[in-house]
Amino acid sequence: MLHELLLALLGYTGDLIIDEREQHESLGIALSPDAPISEVCTFKLAPDISFIEPSERDVIERIITLGFYYRELDRFATKSRNLSWIRSASVSPLSQTSELIKGKKENQSVYRRAIANGIVEVLSVYRSAVLQIEQLLLSDSVPILATVTQGLNKFFVLLPPLYELILEIERERICGGRLLTLLHKRCHCGVPELQTCIQRLLWHGHQVMYNQLASWMVYGILNDQHGEFFITSQEDRDTEHDSSHPDMLEKFARMSTNDASLTDWHLGFHISLDVLPEYIPMRVAESILFAGKAVRVLRNPSPAFRFHDAAYHQHKPRGAQRIQRFGERFSFQKEPSLDTKIGEELLPQMEADKIEAMLKDLKESSEFHKRSFECAVDSIRAIAASHLWQLVVVRADLNGHLRALKDYFLLAKGDFFQSFLEESRQMMRLPPRQSTAEADLMVPFQLAAIKTIGDEDKYFPRVSLRMPSFGISVKSSQVELPKAKAYSEGDSSALSDTSDMSLDGWDGIALEYSIDWPLQLFFTQEVLSKYRRIFQYLLRLKRTQMELEKSWASVMHQDHTDFAKLRNDRMNCSISLQRRQRFRPMWRIREHMAFLIRNLQFYIQVDVIESQWNVLQTHIQDSRDFTELVGFHQEYLSALISQSFLDIGSVSRILDSIMKLCLQFCWNIENQESSTNTVELDHITEEFNKKSNSLYTILRSSRLAGSQRAPFLRRFLLRLNFNSFFEATARGVLNVVRPRPTLPVLH
C-alpha cells in the first residue's frame, strides 16, 4: 500500500490509487505530454477499497494531490522543453516544414522553456524527498503514514501555487515579457519558501532576457525567433501582415545599405508594449532601443563612409606609411581588413567588452534589482550615445553642416540672397512657367553664387533649388552659365509664356540639401521640412523688403527726372507739383511698410536666429551625448518657428497678408505712370493700416508679450512703437465709437 502511495506521489497510478481522467478517457492508458492540463485533481483512492479507515482515507487523498501536481508540472516541463520541432540532419525538408508549422501552432516559447527548467529543479527536490521517505519507510520496522506526511508537508506550500501558475500560463497562452510580469507579481507573497521558488523561476526567465539584451546591445542583432522580446522589428511585422504579397521581399532586396540603415534607425525597430515587462519603465526600454540601434549604426557603416575612410588611409603622410610598413615587416599576425578596422574605430572592442561585462554581472545576480538594472542600462546607453556623438559630430562634421543650413536656409549669407533676388527680380514679375520654372531660377541662382560665394564654400554644392509644385529639384551643377546671357542682355522672350498662376507663384521656392550617412540620423526629413518652411518665410520677407527699397529708388529716380524737367520747362510746373502732391501719401505709407518689414526682419535674424544659434553652439560644445544633441536641435528649430510666429495661425496669416499688400503696392506704384487712378492704392493703404494695427495689437497682448515663448518680443515691440505711433493708431482703431442716435423730446 505504501509503495503504491509513493509511486502515485511521482505521478504513476495503479489499482489502489487511480486517475479518473485516464479511466474515463483512455481506459487506463497514460496521458500523452500533449494532452491539456487538467483543471481539477483527478487522483483518487479506488472506491472499492474497504480496509482503510475513513481518517486514513482523508489523509491519503490529501497526500496524493501532490502526485497529481507533480505529474501536471512534469508534463508542462516536458512539453515546454520539447525541441523536436527544431531541424535535424536526418529529417527531410518536407517533414521539417511540417514540424516547424506544428511548432508554431504549439506556440513555442524560449521563456517557457526557461521556466520549465526552473520547474524541473523544483521537481528534482521533490523526487529526492520522496526517495528519502522511501528509505525511511524501508528502515522502519513498523512503517507509518505519518512519515510520508511529515516528509512532504513543506511541498503543500510549493506545488499547488506552481500548478495554478502553469494552469494560468496554459489557459492564457502567456509567454515572453508577459510571463516575466506574471512571475514578478507572484514573487510578492508572504511565504518565504514559495517566494524563493518563484524568484528562482524568474531568474531562469531573466537569463533569456539578458541573452537577448546582450545580442541587441553588444552586437546590434535582434535574437528573437518567437516574437517574445519587447524590441521588435518592423520588417518582421510587415512580413507577417503582408506575407501574401511577394513584392515585399523585392522591396527589401532593392534597398541599398544606406537606405536600409536609415530605415532601421527611424522605422525599423520599436517597443512592443504587449510584451514589455511591467516592472521595466518605458524610459529604460527606450534607452535599450536606442543603444541597440546605435550599436547597429556603429557596427554597419555605409559603403560611402568606408570608401571615404579608405581614401583617408591611402593618403596618409609618408612618415606614417613608413612606420606602418616597418610594423608590417616585423609583425607575425595577419592585419585585419579595412571594414573591421572601421568598425573597431567606431565602437572599440574594449567598449563592447565593457557593455557585455555589465550585462554579465546582472545575469549572474541571484535576484533582480530594479535600480541596478536601470543604472546598467543608463551606462550602456551613455556609451552608445557617446560613440554615436563622436561619429556624427566629429567625423561627419555636424557643426559645419549646421552652419551651412544656417547660411542658406536661414539666409545668414544675406549678400548671396540679395544678389539672387536682384538677378531674378524681373523674372519674378511674371508668373512662373510650369515647364521650365526651376531651370529659369537656376540661372540667377548660379550667377549669385559666382558673385558672392566662389569656390571656397565646400557646402554649396549640396544646395539645390526646387519648386515643389512643379516637379523634381534641379542641382546647381546642372545649369550651364552661358545661358545667363539671355537674361543679362534683357531678352525676356523666354519668359513670355503666360499661365494661370498668380503673381505669388514664386513663393513656392524651396531649397534642398544633400546629406550623407550618418547625418541622416540627425537631419531627418521632418527636420529638413522645418528648415524649408522657415526658409520660404524668410525669403518672402527679404523679397518684400527688397521690392520696397527698389520701389523707393524708382520713385526717387522719377522725381529727380521730373525736377530736372521742371527747371527746363516752366510751363508744366503745375503738372509736376500735382504729381508730387498725389504721390506724397504713397511715399508715407511706403515708409510705414518698409519700417515694419525692416524691424520684423531684424527681429528674426538678430533677436531670434542669432540668439538661438549661440545657445545651440553652447550645447554642442558642452554635450557629448547624441540624443541630447538631437533634443537641443529640436528645441532650436521649435524656438525659431515659435518666436517667428509661424505656429500662430492668426499672426502668420496677418504677416502673409502684409507681405502680399506690400508687393502689390510696389507693383502698383511703378505702374502709376500710365494710370492716374489711385483707388487701388488707397484700398491697399487702408488694408495695410488695418493689418499692421491688428498685428501690433496681437503681439502686445499679455499672452504673447508676457510669455517666455518669445523672450525678445518686447524689443521688437519697442522698436515698432518707439514714438507711440503704433499704440495710438491701434487704440484709435479699437476705440472707434459710433454716435448714438438722439431720442426725440417728449412734450
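Mentor: Let's start with a word we'll lean on: two residues are in contact when heavy atoms of theirs lie within 4.5 Å. Keep in mind, too, that this is a predicted model.

Trainee: Okay, let's try that on helix H8. Which residues of helix H8 (residues 177-186) are buried?

Mentor: Buried means under 20% relative accessible area. In H8, that goes for Gly-177, Leu-179, Leu-180, Thr-181, Leu-182 and Leu-183.

Trainee: And what covers the buried residues of H8?

Mentor: The cover includes three helices: H5 (110-139), H7 (155-172) and H9 (192-219).

Trainee: How do I read two helices packed together?

Mentor: You describe the pair by the angle between the axes and the distance between them. Here, take H18 (residues 370-395) and H26 (residues 626-643): their axes are 7 Å apart, at an angle of about 65°. On the H18 side you'll find Arg-381, Ala-385, Leu-388, Trp-389, Val-392 and Val-393, meeting Phe-626, Thr-627 and Leu-629 of H26. Sorted by class, that contact has seven nonpolar residues, one polar and one charged.

Trainee: What about empty space? How many cavities of 30 Å³ or more does a search of the whole structure find?

Mentor: Five. Have a look at the second largest, which holds about 70 Å³ of space. Its lining includes Trp-506, Asp-507 and Arg-543. By class, the lining has five nonpolar, one polar and three charged residues. Helix H24 (residues 525-568) gives the largest share, four residues.

Trainee: Why does the second largest cavity lie between domain 3 and domain 4?

Mentor: Because both domain 3 (398-468 + 507-522) and domain 4 (524-736) give residues to its lining.

Definitions and conventions
Residues are numbered from 1 along each chain as its sequence is written. This is a predicted model: local features need pLDDT of at least 70, side-chain atom pairs count only at pLDDT 80 or more; totals for chains, interfaces and linings use all residues. Side-chain values use heavy atoms; hydrogens and water are left out. On a 1 Å grid over the protein atoms alone, a cavity is a set of points where a 1.4 Å probe fits but cannot get out, and a pocket is an open set with protein on both sides within 12 Å along at least five of seven lines; lining residues have an atom within 4 Å of a point. Grid points are joined across faces, edges and corners, and a volume is the space filled by probe spheres set on the points. Helices (H or I, at least four residues) and strands (E, at least two) are DSSP runs, numbered from the N terminus. Ala, Val, Leu, Ile, Met, Phe, Trp, Tyr, Cys and Pro count as nonpolar, Asp, Glu, Lys and Arg as charged, and the others, Gly among them, as polar. Domain bounds come from an automatic or database domain assignment. Axes are lines fitted to C-alpha atoms, for helices over the stretch in contact, and angles run from 0 to 180 degrees between N-to-C directions. Buried means under 20% relative accessible area, exposed over 50%, partly exposed in between (1.4 Å probe, protein chains only).
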